[in-house]
Structure formats: C-alpha cells, structure tokens
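This tour proceeds by selection, from one contact between chains to another and then to a single helix. Please have the structure open in a viewer and follow the stops in order.

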Amino acid sequence: MSVAGIVAQLLEIALALAAAPLLVGWVDQWRARLQNKSAPPLLQSYRVLRKLFHKESVVADSATMLFRIAPYVKFGCMTLICAIVPTLSTDLPLATAADAIALVGLLALARTFLALAAMDIGTAFGTMGARRDMLVGFLAEPALLMTLFSASLITRSTSLANMVESIAHRPFALEPSLAFAGIAFTMVSLAENARVPVDNPATHLELTMIHEALILEYSGRHLAMMEWAAALKLFAYSCIGLALFFPWGLAQSGTPLAMIIAMPVLIFKLAIGGVALALIETVSAKMRIFRVPEFLATAFLLAVIGLLVHQLLES
Amino acid sequence: MRALLSQSINLYAASLLIVSFAMISQRRILSLVHLYTTQGATLVLATATVAYLTNQPHLFYSAAITLALKVVLIPILLHRVIDRLDVRWDVETLINIPTTMLIGIVLVVFAFNLALPISQLSSSIARSTLGIALACVLLSFMMMIVRSKAIPQVIGFLAMENGLFFAATSATNGMPMIVELGIALDVLVGALILGVFMFQIREQFDSLDISHLEKLREE
Amino acid sequence: MLPATFPLFLTLLLPVAGGVVLGLYGHRDKGPELNAAFSAATLAAALWLTAEVVFGTSVLGFGERFFIDPLNAFLVALTALVGFTTSIFSMPYMRIEREHGKMTGPRMRLFHSMYQLFIAMMLVALTTNNLGVLWVAMEAATLTTVLLVSVYRTPASLEAAWKYFILCGVGIAQALFGTMLLYLAADRVIGGGEGALLWTHLAAVKEQLEPNILALAFVFLMLGYGTKVGLVPVHNWLPDAHAEGPTPISAVLSGLLLNVALYAILRCKVLADGAMTNGLPGRMMIGFGILSVVVAAFFLFRQRDVKRMFAYSSIEHMGLMTFAFGLGGPIANFAGLLHMTVHSLTKSAIFFAVGHATQRAGSQVMDEIRGLLQASPTLGWGLTIGSLAILGMPPFGVFASEFLILTSAMRQLPWATPVLLLSLAVAFAAVFGRVQAMVFGDTNLAATTHRPALFPVFLHLGLTLMLGLFVPPFLGQWYRQAAALIGG
C-alpha cells in the first residue's frame with residue numbers, strides 16, 4: 001500500500017469518470033464521419049449529462065425503491081470496475097481485493113439490478129428489454145469468463161494486475177491462444193456494450209432495442225447516471241482489452257513516474273480502439289435477435305479453442 | 001528468426017482449426033469455397049515453413065503441388081460447378097448451428113486426447129499440431145454428416161483430405177514424394193468425378209438436395 | 001534371357017494400355033471383343049508371373065518397389081482369371097444392354113476403359129511393395145468404378161454411386177491416417193524416405209516397431225480398408241453398389257475388389273502382429289468377422305432384389321474370411337486363402353447367371369423371375385449349382401474351406417462355432433428358398449438376341465468343384481507357404 005499506489009488508484013478513478021463520456025463522444029464522431037454524416041462535437045456527451053442533471057427526474061407511481069437505486073448501483077459497480085482494472089499502473093491497492101472472477105461478478109450485479117428495475121414499472125418494453133438483455137448476458141458471461149481464463153492460464157493467476165504484469169514481461173511470441181481470446185473478447189464486448197452488430201445504440205425503434213429499452217423509463221439525474229455508467233462500461237471494457245492484449249506502456253509497481261508516460265499512451269491506445277470500434281460498427285449490419293445466440297456461441301467457442309490450443313501447443 | 005518461424009507453425013495450425021470451425025457454422029456455399037481456399041493456402045504456408053526449417057526440398061515440391069491443386073484448381077472447379085448449377089444458398093442443416101459447434105468442441109477435445117501419445121513419440125518439428133490436424137479431420141467429417149446438400153458434403157470431404165495432409169506434415173514431416181504425388185492425383189480425379197456427379201444428380205433430380213438420395217433403404 | 005521382372009511389367013502395362021485404347025475405341029462394334037482380348041493377354045502375363053514365383057522365388061522388382069511372394073502371386077492369378085472370364089461374360093451382356101437402350105456409345109467407352117483401368121489398379125495394389133502406393137491404388141480402384149456404378153443414370157444408381165463414393169472415401173481417408181501412423185512408426189526405427197513404407201523393410205523390423213503406434217494404426221487401417229471389404233458396420237455401400245451397377249461390375253466388385261482390400265488388411269496385420277504381443281489385430285478381425293456373418297445372414301431374409309441378396313452373401317463370406325484370418329494359425333489361414341479363391345470364383349459365376357436371368361426377365365426383383373430352368377436349362381442349372389456351391393454344399397470348394405474354418409474355430413474359439421453354424425444355416429434357408437422359387441416352375445422370361453456366355457459360369461464352377469475335391473499339390477504348397485507368411 002504505497003503512496004504511489006494510492007495516487008495511481010485515485011488518478012485512475014478520476015480519469016475514468018472524466019474520460020468515459022469523451023470516449024463515447026470520440027466513437028460517435030468517428031462513426032458519423034465514416035458514414036459520411038456531419039459529426040457531433042467531441043464534448044457532446046458532457047453537454048447531455050449536464051442537461052440531464054439539471055432536469056427533474058420523473059418517476060412512475062408504481063415504481064419501488066429498486067427503480068430509484070438501480071442507477072446508483074450500476075454507476076457504483078462500473079466505477080469500481082474501472083478502479084480495479086489496471087489502466088495506468090498495475091500497482092493498485094484495490095486490485096488485491098478483486099480478480100477477474102470478481103470483475104465478472106460485478107458486471108453481473110449491475111446487469112441484474114438493471115433488469116429488475118426495468119421490470120419494476122411493469123411496462124411491456126421494459127420487460128422485453130430485460131429479457132433480451134438477460135439473454136445476451138447469459139451467453140456473454142461464459143464467453144467473457146473463458147477469455148479471462150485463457151489469459152489467466154497463460155499467466156497462472158486470476159488477479160488482473162498480475163496478469164497484466166506477466167503478459168507485459170513476456171518476450172514477443174506468436175501466441176494463437178491469445179489471438180483467439182482477443183477476438184472472442186472483442187465479440188463479447190460488442191455484445192455487452194450494446195453496439196452494432198448486436199444492438200444499435202442510436203435506435204429509437206423500441207422493438208429493436210436491447211439496452212435502450214432498459215433505460216426507457218428513466219429521466220433526469222437517473223438517466224444521467226445510467227448514461228454515464230454505460231460510458232464507464234465501455235471505458236472499462238476497452239481498458240480490460242488493452243490491458244490483457246496490448247499491455248505495453250503500463251506503469252509497473254515500483255516505477256510511479258512511469259505513470260506520466262502511461263497516461264498519454266493510454267489515451268493513444270483508447271483513441272485507436274475507438275476508431276476501430278466505429279469501423280466495426282460501420283461495416284457490420286445489426287443482427288436479428290435470434291442470431292445473437294449464434295454470435296455469442298461463436299465467441300464462446302473461440303475462447304474455448306484458445307484455451308485448448310494453449311493446452312496443446314504451448315504447455 | 002527460426003524460433004519465430006517455429007511459432008508461426010502453431011499459428012497456422014490454429015488458423016486451420018478456426019477455418020474448420022468456420023466451415024461448420026457457414027450458411028452460404030460461396031463462403032465455404034472461400035474458406036476451403038483459405039485452408040489450402042494456410043496448408044501451403046505451413047508445409048513451406050516446415051520444409052524450410054527441416055531442410056527437406058521435397059516438401060517444397062509438395063507445397064507447390066498443394067498450391068496448384070487446392071488453392072487454384074479445385075476452387076476453380078468448385079466455382080464452375082456452383083455457377084453452372086446456380087446454387088447459392090444452403091440454409092438447411094440437420095441440427096442447428098450452436099449445437100453443431102458444441103459437438104465440435106467435444107470432437108476437438110477428443111482429438112487432442114487421441115493425438116497426445118502419438119505426438120510424444122514423434123520427432124517432427126510440428127508434432128504438437130497433430131491434435132489440431134486430427135481435430136480438423138473430425139470436424140470436416142461432422143460437416144459431411146450434418147449437411148443436407150451435395151456441395152457442402154463434397155467440400156467437407158476435401159477439407160478432410162486437407163486435415164489428413166496436415167497430419168502427415170505434422171507427424172512425420174511429410175510422406176515420401178511418390179505417395180504424396182499419388183494422393184494429389186487421387187484428390188484431383190476425385191474432385192473431377194464429384195463435379196461430374198453434381199451434374200448427373202442435378203439432371204436426374206432437379207435439385208442437389210441429398211435427401212433425394214435416401215430412397216434406397218432396406219425393404 | 002528376359003529379366004525376371006518382365007512378366008510383372010507386362011501384367012501391369014497391358015491393362016493400362018487396354019484402358020487407353022478402349023477409351024478411344026470402346027464404343028465400336030468390336031469393343032467388347034477388344035476388352036476380352038486385353039484381359040486374355042493380361043491373364044497370360046499374370047500366369048507367367050505366377051509360374052515364376054511358384055517355381056522360382058519371390059520377385060522383387062523395379063528397385064524394391066514391387067514385391068510378389070506366394071501370398072499375392074495367387075491373388076494376381078485369380079484377379080487376372082476372373083477379369084478375363086468377366087470380360088467374356090460382359091461381351092453378350094453389354095451388347096444386350098445396349099440394345100435395350102440402357103447403354104450408349106460413350107457409356108460403352110467409359111465402361112470398357114474403366115474396366116481395364118480397374119483391373120490395372122487392382123494389380124498394382126496387389127503387387128506393390130510400398131504401403132503408400134497400395135493406398136493410392138485402392139483409392140484409384142474405387143474411383144474407376146464409381147462412375148460405372150452410376151452408368152445407367154437412374155435415381156437409384158446415382159444414389160448408390162454417391163454412397164459408394166462418400167462412404168468409401170471416408171473409409172479410405174481413415175486408411176490414409178493409418179498408413180501415416182505406420183510411416184511414423186517406421187520413421188523411428190529405419191529412418192524416413194521412400195524405404196520406410198516398403199513392406200519388406202517393415203516386415204524385417206516389425207518387432208522393433210512401437211506397439212502403441214501400431215495398435216492405433218491397425219485400428220484405422222482395419223476401419224478404412226474394412227469399409228472396402230464390406231465389414232459390418234461400415235458395409236452400407238456394398239448392397240447398393242452391387243444392385244445398381246451393371247452386372248459385370250457387381251461380379252468384379254464381389255469377386256476381386258473385396259479380396260484386394262482383405263489382402264491389404266492382411267499385410268498390415270502381419271506388421272501389427274509382429275509389433276504387438278497382445279493379439280489385438282486377431283481379436284479385432286474375429287469380432288468384425290462374426291458381426292458381419294451374423295448381420296448379413298439375417299439381412300438375407302429381407303431382400304427382394306436378387307443382386308442385393310447375393311451382395312449380402314458376399315458380406316457374409318468376407319466376414320467368414322476375416323474371422324478365419326483373425327483366428328490365425330496354419331489351418332485357419334489356409335482355409336481363409338482357399339475361401340478367398342473359391343468365393344471369388346463361385347460368386348462371380350452366380351453373378352454371371354443372375355445377370356443373364358435378370359436381362360431376360362427385365363427386372364431384378366426376385367418375384368418377377370420365374371421358371372429359369374424351363375427358359376434355359378443351362379442358365380437354370382448354372383444358378384442352382386452356383387447357389388448350392390456358395391451356400392457350402394459339398395463337394396464344392398466352399399464346403400471344404402468352411403469346414404476347415406469351423407473346425408479351427410471349434411479348437412480355438414468354441415463359442416463362435418454355434419453362432420457361425422446358425423448364421424450359415426439361416427443364410428442357406430434364405431438364399432436357397434429364393435433361388436428355388438426363381439428356378440423352378442413356369443417361366444415368364446423372354447428370349448434375348450445374343451446367346452448368353454455360359455462358358456465362364458461352368459468354368460468357375462468346375463474349378464470350385466475341383467478345389468473342393470482335390471487341391472493340386474502345387475496349389476496346396478502355395479497356400480501353405482502363404483499361410484505361413486501370414487502367421488499368427
């Protein structure tokens with residue numbers, strides 16, 4: 001529990017909270033550019049958040065306590081996830097308390113609360129969205145676990161910080177199992193963050209919504225918390241992906257000044273990741289709902305193959 | 001450099017496995033042919049790498065034959081058959097695709113287990129990839145069983161041949177030249193005959209659905 | 001003086017040349033005669049080769065690439081003989097088919113050239129020393145006949161040919177994997193290169209081969225080549241291919257190709273037995289053999305198509321042979337080799353008779369063929385005697401070999417004997433009942449324009465009778481030498 005560690009931790013949380021909407025804005029901008037539309041300004045998400053915080057939150061009469069606390073629970077979970085994922089440094093005090101499996105557990109917690117809150121009001125769209133989100137989550141979770149297991153088999157630890165340090169220190173080698181885990185992880189993150197090809201974040205047709213249907217009833221500060229939490233989720237997933245598959249540039253424990261280099265490196269990597277996400281969203285078409293299980297089954301499969309290939313070829 | 005090339009063989013083997021899985025989850029026949037071509041190309045790269053690392057010139061010839069046959073000739077033949085017969089889609093499979101993929105994983109685990117004692121006895125440079133080769137063979141075999149149209153069955157058959165060829169390369173650094181020539185010739189003639197067959201079946205039944213070919217049963 | 005390998009060269013070259021020539025001229029009026037002429041020449045060369053091996057020593061030709069010892073010498077002679085007599089049978093038969101409109105000019109060309117190439121590929125498979133080339137030749141033999149099974153272009157024949165291609169293709173892929181494993185095992189002991197797949201080299205070092213690899217290799221080889229032998233449960237292609245193809249093809253498939261596939265298994269069994277000490281190959285062969293005999297016997301009852309019925313009979317007899325070779329030992333091996341010979345001769349004779357009968361009746365359904373004796377006494381008697389012979393009636397050769405097999409079973413594996421006896425009895429009842437119905441009674445058969453070629457039928461049956469009564473000493477010596485080679 002060094003001072004550098006605490007500083008790194010606080011810095012990471014602050015960075016996540018501040019930069020997550022910026023990442024969403026960056027992706028939106030690039031998506032618009034790639035589709036030959038005029039792009040919204042980069043800081044648009046901040047403006048939306050500020051507008052929503054100033055508005056009154058309208059809650060239905062039939063809503064219970066669950067509906068009101070769900071946004072805060074989700075926001076809290078996402079912030080915690082961003083805290084334990086090594087984005088700037090691997091020397092994090094909170095990292096010892098949480099590993100990859102706890103990470104998946106936090107995501108599951110957030111998803112459960114959200115689904116329950118959506119069903120709380122009793123509208124048809126809320127329930128439909130909750131069902132669909134649970135379907136996606138049900139299939140995405142094993143795939144995500146398998147991906148993390150692949151990485152943890154290679155590094156012999158499930159603690160994220162240890163994983164990242166091991167991978168960063170390995171000599172460069174062509175490892176097919178990591179490649180498969182990477183592709184599987186990308187597919188899972190597309191599904192979990194409600195991106196094309198699984199779900200269109202810009203849709204306003206309720207029958208095609210998955211994630212949007214869950215937050216249809218929210219307004220005002222609750223909606224702001226939800227939007228921010230969604231941005232944090234995207235940020236967290238991107239950082240997990242970068243930490244596992246492109247960990248170069250992260251500060252290791254014992255070199256706190258490296259954080260000064262780590263920040264611009266992270267921003268650079270996130271920027272490229274954002275463009276890649278926008279590119280994937282542009283060239284893919286949204287899948288029909290019943291194809292989503294196949295998509296996620298493929299991701300699961302790739303992760304399992306990565307595991308098996310690792311066992312066969314690299315042990 | 002040599003270490004990197006040795007690792008690249010693992011990468012090729014893993015790509016072959018991915019292509020085999022992609023084949024069993026494909027719905028469109030054209031993509032199947034493209035996947036088969038990719039498989040052939042990966043095979044050529046793997047064989048050439050093994051040839052370079054083990055200093056065996058006859059494997060280079062073998063890789064060249066594979067290139068000519070499986071990346072150029074047979075895909076051209078398949079494209080010609082598909083064009084003339086005007087088949088584009090194949091939506092029907094006997095069991096749905098996620099189940100097929102799960103069975104595929106079971107087959108892969110089985111193949112890996114089966115190959116482990118053999119690869120320990122082999123002295124080839126690519127011996128750890130024997131399990132993957134066997135898995136590719138089993139996956140292609142499954143593809144032949146679950147497909148109900150003629151052309152995916154044919155491609156499954158050809159993919160099985162690819163898997164066996166890779167198994168030969170990985171277990172024993174390739175077989176003697178004359179045997180490989182013979183096998184290549186057999187594959188070519190087999191593909192030609194299958195092409196002729198497609199036309200005969202189409203002529204007779206006006207469709208390439210294999211279920212038409214299940215009338216001969218025990219009385 | 002001509003080198004010892006000259007007859008070998010001729011034996012292999014003549015059918016290939018025949019295939020090429022008939023590919024160009026097979027549709028002409030004298031095409032069938034040309035086919036028979038090439039087959040006769042091949043027979044002469046094969047007999048010359050066999051004489052050399054029997055009265056001289058084993059021949060190792062063309063830089064050790066070809067190897068003829070007593071085991072495959074008699075198979076070479078048998079193949080050439082049945083090839084010749086079938087070509088005589090096919091002369092009038094195919095002419096009549098052409099008149100009925102089932103064969104056209106181009107198809108006749110295909111038929112004749114593929115027939116010669118098929119014989120060529122089987123001879124290559126029999127005489128090669130290289131196990132990889134054996135595989136290539138087996139696959140090539142399958143490929144040459146695939147198009148022939150579908151030559152009538154009916155839906156049923158297309159289905160039969162498709163099944164044949166796919167099932168045998170899958171089987172033979174397994175055999176390729178088995179061959180590869182053999183190469184792996186050989187590589188560890190005698191190094192790589194072309195020499196590692198030569199059977200003579202492998203047989204010399206068979207005790208040193210790794211038993212685990214050989215066990216796995218033999219399983220794959222058994223499954224792979226066993227598909228071509230027609231062992232249950234991988235026999236599904238056999239009844240369809242026999243029933244839907246032209247009768248000359250059914251005759252050579254039953255009479256020759258199944259034998260060559262069994263020969264391939266035998267060569268591998270010798271290697272596997274040398275490497276392993278637990279007798280696994282023998283037990284596998286016994287298991288598959290008994291299963292084939294029992295399943296085929298019971299399926300015989302349900303058949304309504306005459307060629308399908310005799311196809312199941314082939315499965316039964318191949319099962320019996322596999323069982324015999326699985327038992328091992330000098331008597332069982334001798335019996336198995338004798339059975340290979342007599343089954344080949346008798347079954348092809350039956351198919352000759354059946355072919356002409358179905359042509360005259362215009363159908364292969366047994367209920368529609370009646371009164372064969374009345375229509376053509378020679379044909380009727382040929383079929384009756386042939387069926388009795390194949391069902392194991394003394395004094396024909398099949399009885400002698402079955403007797404030897406059963407007595408060996410009684411000594412080594414007593415529980416198998418009642419099972420086999422029961423199956424053979426069931427088969428007898430099934431087949432003979434049907435044949436009786438076809439042969440006796442009033443006829444409904446039309447006459448045909450060409451005289452049927454019945455000489456091959458009686459030649460084969462005569463040879464079978466002779467082998468049942470008296471095995472000539474040089475032949476007996478020959479069988480004994482081959483039996484010793486197989487060992488076990």
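Begin by selecting chains B and C of this predicted model. Their contact takes 37 residues from chain C and 34 residues from chain B. On the side of chain C that touches chain B, highlight helix H5 (131-149), helix H6 (155-190) and helix H8 (211-229) of chain C, each of which supplies at least two residues. H6(C) deserves a separate colour, as the largest share of this side, 17 residues, comes from that helix. Colouring the side of chain C that touches chain B by residue class then shows 23 nonpolar, 5 polar and 9 charged residues.

Next, keep chain B in view and bring up chain A. Here 20 residues of chain B are in contact with 15 residues of chain A. On the side of chain B that touches chain A, the elements giving two or more residues are helix H1 (2-24), helix H4 (97-121) and helix H5 (130-146) of chain B. H1(B) gives the most to this side, with 8 residues. Under the class colouring, the side of chain B that touches chain A divides into 13 nonpolar and 7 polar residues, with no charged ones.

For the last stop, return to chain C and select helix H4, residues 105-127. How far apart are the end C-alpha atoms of this helix? They are 33 Å apart, which agrees with the 33 Å that its 23 residues should span at 1.5 Å a residue. Now display its surroundings: 20 of the 23 residues of H4(C) are buried, so the helix is largely enclosed by the rest of the structure.

Terms used: Residues are numbered from 1 along each chain as its sequence is written. Chains are lettered from A and ligands numbered from 1 in the order in which they are written. This is a predicted model: local features need pLDDT of at least 70, side-chain atom pairs count only at pLDDT 80 or more; totals for chains, interfaces and linings use all residues. Two residues are in contact if their C-beta atoms, placed from the backbone, lie within 7 Å. Helices (H or I, at least four residues) and strands (E, at least two) are DSSP runs, numbered from the N terminus. Ala, Val, Leu, Ile, Met, Phe, Trp, Tyr, Cys and Pro count as nonpolar, Asp, Glu, Lys and Arg as charged, and the others, Gly among them, as polar. The expected span of a helix is 1.5 Å times one less than its number of residues. A residue is buried if 20 or more other C-beta atoms lie within 10 Å of its own, exposed if 12 or fewer, and partly exposed in between; C-beta atoms are placed from the backbone.
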